[in-house]
Amino acid sequence: MRWDRFFDDLEDQLASEWEAERAALDTEAERLRLSRVTLAERLALLCSRDTGPATVASFDLTDGTSLRATVTGLGADWVALAPAEGSAAAVIAPLAAITTVGMPHADLLRTARPAPPRSALADRLTFGFVLRDLVRRRAPVAVHLVSGRVLTGTIDRAGADHLDLALHEPGSPRRAHAVSGYRLVPFAAVSWIRADDVPTLT
């Protein structure tokens, strides 16, 4: 009987060691997976319609602005936000302009889960691409610079790394007589852009 107990103890000990080893491997695999997760992947889970109601998060941006908003779209290097206060404006911010994102702990954990694969199209939709859509729409915009300055007007052209902005009063259409000047703005100087009178970017 003592030998039976001895072998039972050995089996239990071996099973415990295997379980501990498997748990350690699972933990290490999860650490490795998390080490490869990008900010865009985590924001994609905030924007997913399959994970329940939209999460209102607080986005701190490089110009010192803090926006409470939901994520409505995501491109290769930018995020589209819908302000929580119900404004009809769409906000577009380069991912590099986000300094922190605040959200409830449950949502923070949810964004760390494996994200569904992003489409190849989403990875091709650059900041310049979405700005060229605003050029086509002739949408009035407010360009918030990292310096804290705000320029209002209409984007005339968007290049690979900069935009041309015709300055005019906010809310007014771009007319030659209303334009007070022009600015060439590098994308690196842009903290976020508010676009009025356009559908929410999704």
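Two strands are taken to pair if DSSP finds at least two bridges between them. By this criterion, in the predicted model examined here, strand 7 and strand 8 (residues 162–167) pair in the antiparallel sense, with five bridges. Within this pairing, alanine 158 has leucine 163 of strand 8 as its bridge partner. The connection from strand 7 to strand 8 is a hairpin of three residues.

Strand 7 (residues 150–158) also pairs with strand 6 (residues 140–145), again in the antiparallel sense and over five bridges. Here histidine 144 is bridged to valine 150 of strand 7. Strand 6 and strand 7 likewise form a hairpin, in which four residues lie between the two strands. Glycine 148, located in this turn, adopts a positive phi of about 100°.

The interior of the model was also examined for enclosed space. One cavity of 30 Å³ or more is present in the structure, and the volume of the largest cavity is about 40 Å³. Its lining comprises Pro140, Val141, Ala142, Thr152, Gly153, His168, Glu169, Pro170, Gly171, Arg194 and Asp196. The elements that contribute two or more residues to this lining are strand 6 and strand 7. Strand 6 makes the greatest contribution to the lining of the largest cavity, with three residues. In terms of residue class, the lining consists of four nonpolar, four polar and three charged residues.

Key:
Residues numbered from 1 in each chain as written. Predicted model: local features only at pLDDT ≥ 70, side-chain atom pairs only at ≥ 80, totals over all residues. Heavy atoms only, no water. 1 Å grid on protein atoms, 1.4 Å probe; cavity = no way out; pocket = protein on both sides within 12 Å on 5 of 7 lines; lining within 4 Å. Points joined across faces, edges and corners; volume = space filled by probe spheres on them. Nonpolar A, V, L, I, M, F, W, Y, C, P; charged D, E, K, R; others polar.
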